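Colleague: I am new to this structure and should be grateful for a close look at a single part of it. Please take one helix and explain how it is placed and what its side chains meet.

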Amino acid sequence: MVTEEQLAALDLTLWLGSTERAAEVDFSNQSTISRRHHKVLRQFGIELKRTKCELRCQATFSFWIWNAKCTRWLDSNAG
């Protein structure tokens, strides 16, 4: 099961481009952010690729796929 904390770690990583910057915003450390977002990546079958200076979702990954998977996951775990 993926927690809100783990989803937030991935969201921050994607938004800020690195686990180091995400950790600063989350007031945690890089290894905590990395551990949390890796659980989400495995659960949803997402891959991150490092560019010159930041982490990005794999080119075939789509926000709409992510949204659909999250919605299905939330629906199945509700109540």
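Modeller: A helix here is a DSSP run of H or I with at least four residues, and helices are numbered from the N terminus. The model is a predicted one. The part chosen is helix H1, which covers residues 4-16.

The length of H1 may be considered to begin with. Its 13 residues, at 1.5 Å a residue, should span 18 Å, and the C-alpha atoms at its ends are indeed 18 Å apart, so the two values agree. After H1 comes Gly17, which has a positive phi, near 90 degrees.

The two sides of the helix may be taken next. Gln6, Ala9, Leu10, Leu12 and Thr13 are the buried residues of H1. Because these residues cover an arc of only 160 degrees around the axis, they lie on the same side of H1. An α-helix has 3.6 residues a turn, so residues three or four places apart point the same way. On the face turned away from the buried side, H1 carries the exposed residues Glu4, Asp11 and Trp15.

Within the buried set, Thr13 deserves attention. Thr13 belongs to helix H1. Its relative accessibility is 0%, and Thr13 therefore counts as buried, the limit being under 20%. A polar atom of the Thr13 side chain lies 2.8 Å from the backbone oxygen of Ala9.

There remains the link from H1 to other parts of the chain. Side chains of opposite charge can pair when their charged atoms come close. The whole structure holds 2 salt bridges. One of them joins the side chains of Glu5 and Arg36, at 3.6 Å from N to O. This pair connects distant parts of the chain, since Glu5 is in helix H1 and Arg36 is in helix H3 (residues 30-44), 31 residues apart. Glu5 is partly exposed, with a relative accessible area of 49%, whereas Arg36 is buried, at 18%.

Arg36 also forms a salt bridge with Asp26, whose closest N and O atoms are 3.1 Å apart. Asp26 lies in helix H2 (residues 19-26) and Arg36 in helix H3, so this pair ties together parts that are 10 residues apart in sequence. Asp26 is partly exposed, its relative accessible area being 30%. Glu5, Asp26 and Arg36 are thus linked in a network of salt bridges.

Note on methods
Residues numbered from 1 in each chain as written. Predicted model: local features only at pLDDT ≥ 70, side-chain atom pairs only at ≥ 80, totals over all residues. Heavy atoms only, no water. Helix = DSSP H or I, 4+ residues; strand = E, 2+ residues; numbered from the N terminus. Expected span 1.5 Å × (residues − 1). Buried < 20%, exposed > 50% of the residue type's maximum accessible area, 1.4 Å probe, protein only. Arc of directions from axis to C-beta. Salt bridge = Lys/Arg side-chain N within 4 Å of Asp/Glu carboxyl O. Polar contact = N/O pair within 3.5 Å; in protein donor to acceptor, adjacent residues only side chain to side chain.
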